[in-house]
Amino acid sequence: MAASGCSAPGLWVRGSGQCLGSLFTLFSKPLCSAAAAASRPLDAQRLAERLRAQKQQQKTKEPAPTNPVQRRVRELVRFTEQLQRVHPNVLAKALSRGIVHQDKDLVVINKPYGLPVHVFYNQHIYFRSKKDRAVTVRVPVPEAGVVDIPIVEKEAQGQQRHHKMTLSPSYRMDDGKMVRVRSSRNAQLALTQYRALSSSPSAALLELQPVTGIKHQLRVHLSFGLDCPILGDHKYSDWNRLAPQKLSAGILKKLGLQQSKARHLPLHLHACQLTLPALQPRTEELTLLCKPPRYFVNSLHRLGLKMPSRDHGADEEATQPGAQ
């Protein structure tokens, strides 16, 4: 697209309700003067570069919200803008391929990996009704047990200031004795049952049963509670850094991956089973099973981990499901 003049019509983003005409107003004069000085029309590449620079400048000026709800709203807005770049037909086909159960009252979809959703937890329905599986870096000690540590959201101090969920323990060790401490008033009770289904010297396949449904609970309990971060968890593998997960040379070799490419690893957390209670009009519980995605199965094979025998028929062509 070449700009032949200094005026631009108002542009609308689908679903956002915001007109971008004001964006052009902010820098239409500099663009026009620069084009005139160069004595040639403004091409599409230069215009795109300036748009990105202007957008980045606006982002740096906006203060990060301190309220968790406001941060979540901003996150959802960003996800919505990303979804708007996906053609509706493409998204509809991907969702239809992932239908696990459908009746006149309920549709259950194995959502594609990376598709954001907003989850509302009903603790009465959630209690002990969900099972997940995760490939972890390192093996938990012991290989089966319960993590019962409250979780709270805090700001991490690093090169990039950011917020994460983290542990808020009720006890600490003092001269070899366990002493109760005053926990944060914002901390939420979190309970996770886990057991290793298969393990190797450097990794494990865990079955997880979250008794509570706190945001990022499994990721936090595994990484900070058991020191076994989930493979591909680039957010919770390190508290102070927002960077690709650092993997051992052994795991990289088995995966056939270079550390510089580790950022492309998806989160290896898979919701494999969900049991819904007998709510009207159903008279019996509904147990939903979801096959693991192809990348998940491939990583198991490369790391020398074995899927339980009842899951050997897993469809390796399954679409990538969403991660917590």
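# A walk through the predicted model

Strand 5 and strand 6 form a hairpin, with 5 residues between them. The structure described here is a predicted model. In this hairpin, strand 5 covers residues 151-156, and its pairing with strand 6 is antiparallel, running over 6 bridges. Lys154 is one of the residues that can be used to find the pairing by eye: Lys164 in strand 6 stands opposite Lys154. Strand 6, which covers residues 162-167, is mostly covered, as 5 of its 6 residues are buried.

Another part of the model is an open sheet. This sheet is formed by 6 strands in the order 4-9-10-3-11-12, with antiparallel pairing. Strand 4 (144-148) and strand 12 (286-289) are the edge strands, and each of them pairs on one side only. From one strand to the next, the twist averages 25°. Within the sheet, strand 3 (residues 130-137) pairs with strand 11 (residues 269-276) in the antiparallel sense, over 5 bridges. Lys130 has Leu274 of strand 11 as its bridge partner. A helix accompanies this sheet: helix 8 (residues 294-303) lies across strand 3, strand 10 (203-210) and strand 11. The direction of helix 8 is at about 45° to strand 3.

The next subject is charged side chains. Side chains of opposite charge can pair when their charged atoms come close. The whole structure holds 6 salt bridges. One of them joins the side chains of Arg133 and Glu207, at 3.8 Å from N to O. Arg133 belongs to strand 3 and Glu207 to strand 10, so this pair ties together parts that are 74 residues apart in sequence. Are these two residues buried or exposed? Arg133 counts as buried because its relative accessibility is 6%. Glu207 is also buried, with a relative accessible area of 9%.

Glu207 takes part in a further salt bridge, in which its side chain meets that of Arg195 at 3.0 Å, N to O. Here Glu207 is in strand 10 and Arg195 is in strand 9 (residues 191-199), so the pair ties together parts 12 residues apart in sequence. Arg195 has a relative accessible area of 39% and is therefore partly exposed. Taken as a group, Arg133, Arg195 and Glu207 are linked in a network of salt bridges.

A salt bridge also connects Arg138 with Asp227, and their closest N and O atoms are 3.2 Å apart. This pair links distant parts of the chain, 89 residues apart: Arg138 is in the loop between strand 3 and strand 4, while Asp227 is in the loop between helix 6 (217-225) and helix 7 (249-255). Arg138 counts as partly exposed because its relative accessibility is 37%. Asp227 is partly exposed too, at 48% relative accessibility.

The loop that holds Arg138 has a further feature in its backbone. Pro142 is found in the loop between strand 3 and strand 4. The peptide bond from Val141 to Pro142 is cis, with omega near -5°. Most residues other than glycine have a negative phi, and most peptide bonds are trans.

What is the phi of Asp227, just after helix 6? Asp227 takes a positive phi of about 55° there, although it is not a glycine. His216 is not a glycine either, and has a positive phi of about 60°. His216 lies in the loop between strand 10 and helix 6. Its relative accessibility is 12%, so His216 counts as buried.

Helix 6 itself is mostly covered, with 7 of its 9 residues buried. Those buried residues are Gln217, Leu218, Arg219, Val220, His221, Leu222 and Ser223.

The last stop is on the surface. Ile99, Val107 and Ile109 make a nonpolar surface patch of about 220 Å². Val107 is placed in strand 2, which covers residues 107-109. With a relative accessibility of 45%, Val107 counts as partly exposed.

Technical notes: Residues are numbered from 1 along each chain as its sequence is written. This is a predicted model: local features need pLDDT of at least 70, side-chain atom pairs count only at pLDDT 80 or more; totals for chains, interfaces and linings use all residues. Side-chain values use heavy atoms; hydrogens and water are left out. Two strands pair if DSSP finds at least two bridges between them. Helices (H or I, at least four residues) and strands (E, at least two) are DSSP runs, numbered from the N terminus. Axes are lines fitted to C-alpha atoms, for helices over the stretch in contact, and angles run from 0 to 180 degrees between N-to-C directions. Contact means heavy atoms within 4.5 Å. Patches are made of residues with over 30% relative accessible area and no salt bridge: like charges are joined within 9 Å, nonpolar side chains (Val, Leu, Ile, Met, Phe, Trp, Tyr) within 5 Å. Accessible areas come from the Shrake-Rupley method with a 1.4 Å probe; for residues, only the protein chains shown count as cover. A salt bridge is a side-chain nitrogen of Lys or Arg within 4 Å of a carboxyl oxygen of Asp or Glu. Buried means under 20% relative accessible area, exposed over 50%, partly exposed in between (1.4 Å probe, protein chains only).
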